[in-house]
Structures are given as C-alpha cells and as structure tokens.
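Please open the structure in your viewer and keep the sequence beside it, so that each selection can be followed in both places. The stops below are meant to be taken in order.

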Amino acid sequence: MPSGWGVFISFEGPDGSGKSTQVRKLAEALSRLGYDVATASEPGGTAIGRRIREIILDTRSAGLHGVTEFLLFAADRAQDVHEVILPALRAGRVVLADRFVDSSLAYQAHGLGMDLDSVLSANRIATDGLRPDLTLLLDIDVAEGVARAKGRSHGDRIEERMLEFHQRVRDAYHQMAAAEPDRFRVIDVTGKPAESVHEEVLAQVLDFLAARGVERRRSGRVQEERKGGPACHAHHGDPGAAGGHKEA
Ligand SMILES: Nc1ncnc2c1ncn2[C@@H]1O[C@H](COP(=O)(O)OP(=O)(O)OP(=O)(O)O)[C@@H](O)[C@H]1O
Ligand SMILES: [Mg+2]
C-alpha cells in the first residue's frame, strides 16, 4: 500500500449487537484524541446507495429476485468503497465501517446458503479487493441481539425459526474470526452496557493504531481545526507491513 495510506477498521456482528452504536462512540472518541476519522455504513451510506436501498426495501419490489437483491447490495457497497472509503484511505484517515464484506459472507453465504465463491467474486468486484486491516466482531447471544434490534422481547415460533438463521450467522462469524486471528478481535457483548463495550473497543483500537504507528493529527479535538489546521494526516508507520488491504 502507498505510504500515507489510512487504516481501515470494520465492525461486524449479528443484528442488534451494537455495531452502529459502537462506530458512533468510537468515531467521537478517536476524533477527541486527535485522530482523523471517517465513517462508512451500509446499506445506503451514499446518496446513490440510498436509492439502491429504496429499491431493495420498496414494497413495489415484491418480485425482486434473491440474486438481484444480492447484486444490489454489492452495487451499494461498490459505491461506498469508491465514493467514501478509498478517498478517505488515500487521505490517510482512520476509516470505520459499519459492516463490510464479512457481512455478505455471514448472511448471504452461510446464513442463506448462497454459493460462497459467487459471493466472494461479486464482492471482489465491488470492493476492488479492499480488505479491512482490523475487524471488530461484536459477539452476542442471538436472542439478545434480535430482541435489541426489534426493541422488544422474543419467543414465538416464527422468531424461533429466525433465531436459527441468526445462529448460523453468528457461527459463521466465529469461523471467520478463527480463520483470520490476526485481523479479527472478538468482543463478547452479551449483557454488557454500551459504555463498557466502548471501553473495550477503544482499548483494542488504540492498541492496534499504536502498533501500526498511526499518528494523531494533534492532541485534543481536531474537528474545529480541520479547515485551517496543519495538513498532517494520520499514516502508516510501516507501508510494507503484512496484512495489507488487497486480497491475494
Ligand atoms: N450494549 C448494549 N446494551 C443494550 N442495548 C444496546 C447496547 N448497544 C446498543 N444497544 C441498543 O440496541 C439496539 C441495536 O443497536 P445498534 O443499532 O447499535 O446495533 P447494530 O449492530 O448496528 O444492529 P443492526 O445489525 O440491526 O444494524 C439499539 O436500540 C441500541 O440503542
Ligand atoms: Mg446498525
């Protein structure tokens, strides 16, 4: 990767595990500490992505084929990568992504049974082979996650059936984390308040940024300084370090 390139951190985990909550808290904390942070979320993280998302969600899309839906998700991700994530990495920023390719592998391939190689190739096209440097897996008991996501309690027959799907997703995440222990950090969030999860997340990320030699723009808040401040971006200390951004 070129020198001056940023750091790409993704958040993964089953529904309701707190990814969006933790991305928000981490972005605030890192900015306060002086890191140059950008965030990305999907689906619908860009204006074009939101139009794609509308097609997926619109009730008039009742005839939407599963493959079409899958490719629309990939198209949304492609837009996010090229419009948001890559420019931020080029500018040397710390990019926090709320879900990335691992979500497709967990949900589409393992959860829904789509062909793994097809999921991988579509995503390789969508992301140009970009891979996170660090992935925080928020691991949660599926019943608690689904209940949180729905904002109510669980227990009927249909929900039990859905729990099986979410359990497959959770198992898939465990397998991926075990297969790539250098990239994944698994954080058990079951029963933990958001603030204590945040403390664990922040500690892991600061540890990683320090190991990578990523510098702060300056100590303290940077948001206000962005317009007139020094053009000193966060960067990799070792551009040749292993665990780079592109798939082999
Ligand atoms: N540690 C926590 N304890 C209890 N509730 C939480 C915790 N973290 C987040 N929540 C709440 O649970 C719900 C789901 O959180 P959030 O949206 O951050 O999860 P998510 O992983 O982004 O979900 P999704 O996969 O559906 O996008 C929200 O209402 C949020 O306020
Ligand atoms: Mg979310």
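The tour goes from the whole chain to its core and then to some helix contacts.

**The whole chain**

Begin with everything displayed, and keep in mind that this is a predicted model. Colour the chain by secondary structure, and you should be able to pick out 8 helices and 5 strands, which follow one another along the sequence in the pattern β-α-β-α-α-β-α-α-β-α-α-β-α. The chain has 248 residues, of which 37% count as buried. If you consider the contacts between residues at least 6 apart in sequence, 79% of them join residues at least 24 apart.

**The core**

Next, select I9, I85, V94, V95, L96 and L136, which are the residues with the most contacts inside the largest nonpolar core, a set of 46 residues. The largest share of this core, 7 residues, is supplied by helix α3, which covers residues 66-90. In soluble globular proteins, nonpolar side chains tend to be buried together.

Stay in the core and centre the view on V95. What does V95 touch, once residues up to four places away in sequence are left out? Its contacts are G6, F8, I9, A38, A40, I85, A88 and L89.

**Helix α3 against helix α5**

Now show α3 together with α5, which runs over residues 116-127. The axes of α3 and α5 come within 8 Å and cross at roughly 30°, so the two helices are roughly parallel to each other. If you turn the view to look through one helix at the other, you will find that α3 passes α5 in a right-handed crossing.

To see the residues that bring this pair together, select L71, A74, R77, A78 and V81 on the α3 side, and A122, N123, A126 and T127 on the α5 side. Sorted by class, the residues of this contact are 6 nonpolar, 2 polar and 1 charged.

Within this contact, pause at A78, which lies in helix α3. Is A78 buried or partly exposed? A78 counts as partly exposed, because it has 19 C-beta neighbours inside 10 Å, while 20 or more would be needed for a residue to be buried. Draw a distance from A78 to A126, and the C-alpha atoms will be 4.2 Å apart, although 48 residues separate the two along the chain.

**Helix α4 against helix α5**

Keep α5 in view and add α4, residues 101-111; these two helices pack at an angle of about 155°, with their axes 10 Å apart. That angle makes α4 roughly antiparallel to α5. Here, too, the crossing is to be inspected, and α4 passes α5 in a right-handed crossing.

Select V101, S104, L105, Q108 and A109 in α4, which meet L116, V119, N123 and T127 in α5. By class, this contact has 5 nonpolar, 4 polar and no charged residues.

**A last stop in helix α7**

Finally, move to A172, which is found in helix α7, residues 157-179. With 18 C-beta neighbours inside 10 Å, A172 counts as partly exposed. Which residues are in contact with A172, leaving aside its neighbours within four places in sequence? They are L105, A106, H110 and G111. You can also draw a distance from A172 to Y107, where the C-alpha atoms are separated by 8.5 Å and the residues lie 65 apart along the chain.

How values were computed
Residues are numbered from 1 along each chain as its sequence is written. Chains are lettered from A and ligands numbered from 1 in the order in which they are written. This is a predicted model: local features need pLDDT of at least 70, side-chain atom pairs count only at pLDDT 80 or more; totals for chains, interfaces and linings use all residues. Axes are lines fitted to C-alpha atoms, for helices over the stretch in contact, and angles run from 0 to 180 degrees between N-to-C directions. Helices (H or I, at least four residues) and strands (E, at least two) are DSSP runs, numbered from the N terminus. Angles under 35 degrees count as roughly parallel, over 145 as roughly antiparallel, 65 to 115 as roughly perpendicular and the rest as oblique. A crossing is left-handed if the near helix is turned anticlockwise from the far one by less than a right angle, and right-handed if clockwise. Two residues are in contact if their C-beta atoms, placed from the backbone, lie within 7 Å. Ala, Val, Leu, Ile, Met, Phe, Trp, Tyr, Cys and Pro count as nonpolar, Asp, Glu, Lys and Arg as charged, and the others, Gly among them, as polar. A nonpolar core is a set of buried Ala, Val, Leu, Ile, Met, Phe, Trp, Tyr and Cys residues joined through C-beta atoms within 7 Å. A residue is buried if 20 or more other C-beta atoms lie within 10 Å of its own, exposed if 12 or fewer, and partly exposed in between; C-beta atoms are placed from the backbone.
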